[in-house]
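Thank you all for coming. I would like to spend a few minutes on one helix and its surroundings, so please look at the model first.

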Amino acid sequence: VERMVSLAEETSNGKPSTLAVFHAEDQDIANHFIAMLQDRISPQEMHIWDLSPVIGTHTGPGTFGMSIFQL
């Protein structure tokens, strides 16, 4: 998780960004991850989305990820 947060910091590089966190049946880890990211990169927008059933079938419950968008 720490490495993912570090990558988010490097990617955002202080620029305005939109952040999306994806999870597979684990809202608690998504909320924890969002809190860490908010403190470190302060995105303009944040979204939490469920992973699709197709991805969840292959990765299982507890999987999470992120995406950063910059204009």
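**Helix α2 and its neighbours**

The residues of α2 that are buried, meaning under 20% relative accessible area with a 1.4 Å probe and protein chains only (exposed is over 50%, and partly exposed lies in between), are A30, F33, I34, L37 and I41. Seen down the helix axis, these buried residues of α2 fall within an arc of 105°, taken from the directions from the axis to the C-beta atoms, so they line one face of the helix. As a reminder, an α-helix has 3.6 residues a turn, so residues three or four places apart point the same way. On the other side of α2, D28 and D39 are exposed.

I should say here that this is a predicted model, in which local features need pLDDT of at least 70 and side-chain atom pairs count only at pLDDT 80 or more, while totals for chains, interfaces and linings use all residues. Residues are numbered from 1 along each chain as its sequence is written, and side-chain values use heavy atoms, with hydrogens and water left out.

As for the helix itself, α2 covers residues 27-41, where helices are DSSP runs of H or I with at least four residues and strands are runs of E with at least two, numbered from the N terminus. Its 15 residues reach 21 Å from the first C-alpha to the last, close to the 21 Å expected, which is 1.5 Å times one less than the number of residues.

What covers the buried residues of α2? The cover, counted as contact between heavy atoms within 4.5 Å, includes α1 (2-12), β1 (18-23), β2 (45-50) and β3 (64-69).

Turning to α1, its axis and that of α2, both lines fitted to C-alpha atoms over the stretch in contact, come within 10 Å and cross at roughly 35°, on a scale from 0 to 180 degrees between N-to-C directions. In that contact, E2, M4, V5, S6, A8, E9 and S12 in α1 meet F33, M36, L37, R40 and I41 in α2. The residues of this contact divide into 7 nonpolar, 2 polar and 3 charged.

Finally, the loops on either side of the helix. E25, in the loop between β1 and α2, has a phi near 60°, a positive value in a residue other than glycine, and at 73% relative accessibility E25 counts as exposed. S42, which follows α2 and lies in the loop between α2 and β2, has a positive phi of about 45° although it is not a glycine, and S42 is exposed, with a relative accessible area of 55%.

Terms used:
Ala, Val, Leu, Ile, Met, Phe, Trp, Tyr, Cys and Pro count as nonpolar, Asp, Glu, Lys and Arg as charged, and the others, Gly among them, as polar.
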